[in-house]
Amino acid sequence: GVVFIPADTRGDLVLRKGIKVSNVEVLVSVSSRGKGENPGHGLVFEAYDPVSAVTTVLHVVAGELKRLVNEREDVWEEDRVQETCELLLHRLVLERGPVGHLVMKLDRTVLPDLFATEEEKEAKRIKEEKEDAEAMDDIIEGDGDGDEGKEESGDKMPGWEPPLVADLENTTSVRRTAGPIGHVGSEVVEPGKIAYKQEGGDSGKVEAEVDEDEKET
């Protein structure tokens, strides 16, 4: 795991840069654990705090480094070491101790896909898309079941009745006028009674009639 050992054990400097971690500005140095030794065998992180003028040192052993980089060996190739160490800084966590000193650690839960390969990222993307599609299918199927239930029940609350609406076809009346002997008089369409029917019911069935004159008064 992550262990603390004396700060005077360090090898080749890999990088040094000022960063802001957990709202704390520090100067961080990353070195191998021994001169000429592969950084994958262990790293030394040093964080100088200008507020307290104290340097906090963290030694990370090989086993923990492997877990931090998803067991990948290629990230410790000579031309990739600096990039790998800079990525590890994204997982650096600094907290102030009870007496104001800094406590430093590397948290693997920060950016869990930081060292995932392109193949792993693609496999994860496909898996997530499949899960999203299955979840959407479940939602659609659930909506369909609800619609079927509504159709069976008529989508009506207990005691609910459709409202009355005007029956336009039966709202007018026809009056026949008198004509000359032997001739049929003319037909006059005039307002008569306003007919109402139950909405959604039989259009030929008049449920109620209100006299136009009465309605106006």
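## Salt bridges and core packing

Glu 122 and Arg 125 sit three residues apart in helix α3, about one turn of the helix. In this predicted model, their side chains meet in a salt bridge with an N to O distance of 2.4 Å. Both ends are partly exposed: Glu 122 has a relative accessible area of 37%, and Arg 125 comes in at 37% too. Elsewhere, Glu 64, Arg 67 and Arg 108 are joined into one network by salt bridges that share partners. The full count is nine salt bridges, and here are some of them:

| Salt bridge | N to O distance | Relative accessibility |
|---|---|---|
| Glu 122 and Arg 125 | 2.4 Å | Glu 122 37%, Arg 125 37% |
| Arg 72 and Asp 74 | 2.7 Å | Arg 72 15%, Asp 74 25% |
| Asp 113 and Lys 124 | 2.6 Å | Asp 113 35%, Lys 124 36% |

Asp 113 lies in the loop between β7 and α3, while Lys 124 is in helix α3, so their salt bridge ties together parts that are eleven residues apart in sequence. Arg 72 counts as buried, at 15%, whereas its partner Asp 74 is partly exposed.

Now for the inside. Helix α2 (residues 81-88) buries Val 81, Thr 84, Cys 85 and Leu 88. These cover an arc of only 95° around the axis, so they end up on the same side of α2. Their cover includes β2, β3, β4, α1, β6 and β7.

Leu 88 turns up again in the largest nonpolar core: of its 29 residues, Phe 45 and Leu 88 touch the most other members. Beyond its sequence neighbours within four places, Leu 88 contacts residues including Leu 43, Phe 45, Trp 76 and Phe 115.

Notes: Residues are numbered from 1 along each chain as its sequence is written. This is a predicted model: local features need pLDDT of at least 70, side-chain atom pairs count only at pLDDT 80 or more; totals for chains, interfaces and linings use all residues. Side-chain values use heavy atoms; hydrogens and water are left out. Buried means under 20% relative accessible area, exposed over 50%, partly exposed in between (1.4 Å probe, protein chains only). Helices (H or I, at least four residues) and strands (E, at least two) are DSSP runs, numbered from the N terminus. The arc is that of the directions from the helix axis to the C-beta atoms. Contact means heavy atoms within 4.5 Å. A nonpolar core is a set of buried Ala, Val, Leu, Ile, Met, Phe, Trp, Tyr and Cys residues joined through side-chain atoms within 4.5 Å. A salt bridge is a side-chain nitrogen of Lys or Arg within 4 Å of a carboxyl oxygen of Asp or Glu.
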